[in-house]
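Here is my note on the model, point by point. Please read it with the structure open.

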Amino acid sequence: MGGLNSLWNAVFRWLLAGFFLTACAIGASAADRTIYLTFDDGPLPGTKNVLSVLSKENVPAAMFMVGLHVETIPAGRDLLAEAKAMPLVTVGNHSYTHANNRYRQYYSNTQAVVADMLHANQVLGLTPMVNARLPGRDVFRLPTVSREDLSINVAQWEREWLDYELVAEAGFYLYGWDFEWVHSNDGKPVQSVDHLINEIDHLFQYGRFTQPGKMILLMHDEMFQDQFNGQENLQALIRTLRQRGYAFGDIRTYAPSNP
Ligand SMILES: [Zn+2]
């Protein structure tokens with residue numbers, strides 16, 4: 001009898017330990033797995049769909065917008081106003097010209113880079129401190145987080161680092177990203193939603209993010225046009241991530257001491 005009792009005792013302890021560990025894992029997962037949705041280059045075709053899904057799903061997101069697009073895209077000013085009116089959406093600065101997509105040339109003139117970012121503040125109606133993302137550069141400059149773009153070489157960094165510092169000093173919090181939902185030249189998403197979610201799961205298991213447990217996901221507004229099933233894709237992404245226990249974070253609370 002004594003043998004049976006101690007066996008039951010062991011089984012009971014084992015079950016209890018399993019329950020406790022599972023409870024810890026569930027408790028940890030929600031707090032330690034936060035995704036920051038970020039959308040670049042708007043207003044563009046696709047922006048309307050992004051805003052509509054964000055509003056329907058009630059999730060926070062950052063929209064890093066381009067001043068020139070506000071002025072030149074049909075309904076650009078309306079889309080900007082719509083985004084700014086949404087409490088969970090942070091409209092950020094993504095420069096005025098987007099470097100005309102010639103990044104090496106753009107970052108060869110520090111004064112012009114700072115002036116271009118300040119010009120976009122005027123067009124976007126933003127006042128310091130401004131949440132921002134430099135065009136073409138995955139650089140962080142926040143009060144408590146600083147990180148370089150590992151895709152450029154040291155010689156290029158030596159030509160550009162002063163630009164990053166002086167832009168930050170001019171009243172900007174600069175955000176890079178941890179992972180990208182990639183698109184082709186015409187804006188079509190490369191990964192399917194399922195594939196992307198697999199990649200995200202994998203990265204949270206093994207990846208190292210700029211901030212532990214926090215992934216900044218880069219996307220572009222143009223990926224969400226009707227021709228690419230933009231609304232359906234974005235809605236599927238958000239709903240599936242939510243079902244899998246991820247939390248969605250507000251970029252304004254990404255790092256301590258942000259505005
Ligand atoms: Zn961009």
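1. A term first, for the helix pairs below. An axis is a line fitted to C-alpha atoms, for helices over the stretch in contact, and angles run from 0 to 180 degrees between N-to-C directions. Keep in mind throughout that this is a predicted model.

2. Start with α8 and α9. Helix α8 covers residues 193-206 and helix α9 covers residues 230-243. They pack at an angle of about 35°, and their axes are 10 Å apart. The crossing of α8 and α9 is right-handed. From α8 come V193, L196, I197 and I200; these meet N233, A236, L237, T240 and L241 of α9. By class, this contact holds seven nonpolar residues, two polar ones and no charged residues.

3. Now α9 by itself. Is its length as expected, or not? At 1.5 Å a residue, its 14 residues should span 20 Å. The end C-alpha atoms of α9 are 20 Å apart, which agrees. Buried residues in α9 are G230, N233, L234, Q235, L237, I238 and L241. Of these, N233, L237 and L241 also appear in the contact with α8.

4. What do the buried residues of α9 pack against? Two helices are among the partners: α2 (47-57) and α8. Strands β1 (34-42), β9 (214-220) and β10 (247-248) are partners too. Just after α9 comes G245, with a positive phi of about 95°.

5. Next, the other helix pair, α6 and α7. Helix α6 runs over residues 110-124 and helix α7 over residues 154-169. Their packing angle is about 35°, with axes 9 Å apart. The crossing of α6 and α7 is right-handed. T110, V113, V114 and M117 are the α6 residues in the contact, and L162, D163, L166 and V167 are those of α7. The contact divides into six nonpolar residues, one polar and one charged.

6. On to the metal. Which protein atoms are donors of the zinc ion? They are OD of D41, NE2 of H94 and NE2 of H98, lying 2.0 to 2.2 Å from the ion. The spacing of the donor residues in sequence is D-x52-H-x3-H. D41 lies in strand β1, and H94 lies in the loop between β3 (89-93) and α5 (103-106), so the pair ties together parts that are 53 residues apart in sequence.

7. Are D41 and H94 buried or exposed? D41 has a relative accessible area of 10%, and buried means under 20%, so D41 is buried. H94 is also buried, at 2%.

8. One residue of β9 deserves a look: I216. Its relative accessible area is 0%, so I216 is buried. Leaving out residues up to four places away in sequence, I216 touches Y36, T38, R133, F140, Y175, G176, W177, D178, F179, I251 and Y254. I216 and G249 are 33 residues apart in sequence, and their C-alpha atoms are 9.1 Å apart in space.

9. Last, the chain as a whole. The secondary structure comes to nine helices and 10 strands. The chain has 259 residues, and 49% of them are buried. Take the contacts between residues at least 6 apart in sequence: 77% of these join residues at least 24 apart.

Definitions and conventions. Residues numbered from 1 in each chain as written. Predicted model: local features only at pLDDT ≥ 70, side-chain atom pairs only at ≥ 80, totals over all residues. Heavy atoms only, no water. Helix = DSSP H or I, 4+ residues; strand = E, 2+ residues; numbered from the N terminus. Left-handed = near helix turned anticlockwise from the far one by under 90°. Contact = heavy atoms within 4.5 Å. Nonpolar A, V, L, I, M, F, W, Y, C, P; charged D, E, K, R; others polar. Expected span 1.5 Å × (residues − 1). Buried < 20%, exposed > 50% of the residue type's maximum accessible area, 1.4 Å probe, protein only. Donors = N, O, S within 2.8 Å, 3.2 Å for Na, K, Ca; no water.
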